[in-house]
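Here's a quick briefing on a single model. Have a look at the fold first, then read on.

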Amino acid sequence: MKFNCGITGHTGVLGSELIKKYRNINFIKFGGDITNKKNVRNWLINKNINIIFHLAALVPTRIVKRNPKKANKVNYLGTKILVDEVINLSRVKWFFFSSTSHVYKFSKKKINEKAKIKPTTFYGLTKFKAEKYIKENLHKAKIPFCVARIFSFTSKRQTSEYVIPNIVKKAKSKEKIIYFKNTNHYRDFLSTNDICRAINLLFKKKANGIYNIGSGKKVLISDIIKIVFNKYNKIYKIYENNKATCLVADNSKIKKLKWKPKNNINSIINELI
């Protein structure tokens, strides 16, 4: 069966990469306002959408923090509008939602999909609210859905609002010595290519429920600084003043679908710079 795959957030990092990588999928881009019910309804009807890839979101945590009202409107209310219209039309066969690891609380252990929910950022809170609405309402409507909690990633297209691009920007600056603080954090980084492979696999399997998309390997932010600055032969100093945090995926569930990451942190950084 040939699916008409509606995609929101097609201009974003993951959306644009997904479309570029999988040209065999009939992606139909949403170009309107996700918070406008009429825009959403007309797109679903006029394009005869029967699969949804919902990636549209306001993402960088610092931007979300500066404009929480807009973030809630886009990330939660926009999702609510889309879900409501999908249910009203009763045409969609599978609904994919890109969520985030920010819905979880920090943990020294790898985090699986059943872990306690305690959003670490306001961005994470908006995504979790959207998750809840999807699960409660699509389940009642008997529409299959998949929520992917994506851990950290980086890309050339990301701005310096993101962790690794910010480190690269500082390494390329003309300052002789760069000073860092608040780097005592362990995170789980993937390449956009590996994330797109995971999303495509979930689509092929029409997977149901919640899946972590992460490498399952922890990387210390200060170690990323070291890798980047060594490549640019620049001097840096770190002044730690924070308690260590850890956010690393237990990816065993998606691995059962025969997915595993191909890129490590060194190859990810090499691609970026």
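How much of the chain, out of its 273 residues, counts as buried? The share is 51%, where buried means under 20% relative accessible area with a 1.4 Å probe and protein chains only. Keep in mind that this is a predicted model: local features need pLDDT of at least 70, side-chain atom pairs count only at pLDDT 80 or more, and totals for chains, interfaces and linings use all residues. Residues are numbered from 1 along each chain as its sequence is written, and side-chain values use heavy atoms, with hydrogens and water left out.

**Overall build**

- The chain has ten helices and 13 strands, taken as DSSP runs numbered from the N terminus (helices are H or I, at least four residues; strands are E, at least two).
- With a radius of gyration of 19 Å, close to the 19 Å that the globule rule gives for 273 residues, the chain is as compact as a globular protein of that length. That radius is taken over C-alpha atoms, and the rule is 2.2 Å times the number of residues to the power 0.38.
- Along the principal axes, the C-alpha atoms fill a box of roughly 60 × 35 × 35 Å.
- Take contacts (heavy atoms within 4.5 Å) between residues at least 6 apart in sequence: 79% of them join residues at least 24 apart.
- About 14,000 Å² of the chain is exposed, and carbon and sulfur atoms supply 50% of that; the areas come from the Shrake-Rupley method with a 1.4 Å probe.

**Nonpolar cores**

- The largest nonpolar core (buried Ala, Val, Leu, Ile, Met, Phe, Trp, Tyr and Cys residues joined through side-chain atoms within 4.5 Å) has 31 residues, and Phe 27, Phe 53, Phe 96, Leu 202 and Ile 213 touch the most other members.
- Elements giving two or more residues to this core include β1 (5-8), β4 (94-100) and β10 (209-213), while α7 provides the largest share, seven residues.
- Leaving out residues up to four places away in sequence, Ile 213 touches a list that includes Ala 148, Ile 195, Leu 202 and Ile 254.
- Apart from the largest core lies another, of 25 residues, among them Val 40, Ile 49, Val 74 and Val 86.

**Cysteines**

- There are zero disulfides in the structure, a disulfide being a pair of cysteine sulfur atoms within 2.5 Å.
- Cys 5 is in no disulfide, and its nearest cysteine sulfur, that of Cys 146, is 14 Å away. Cys 5 is buried, at 1% relative accessible area.
- Cys 196 is in no disulfide either; the nearest cysteine sulfur, that of Cys 5, is 14 Å away. Cys 196 is buried too, at 0%.

Terms used: Buried < 20%, exposed > 50% of the residue type's maximum accessible area, 1.4 Å probe, protein only.
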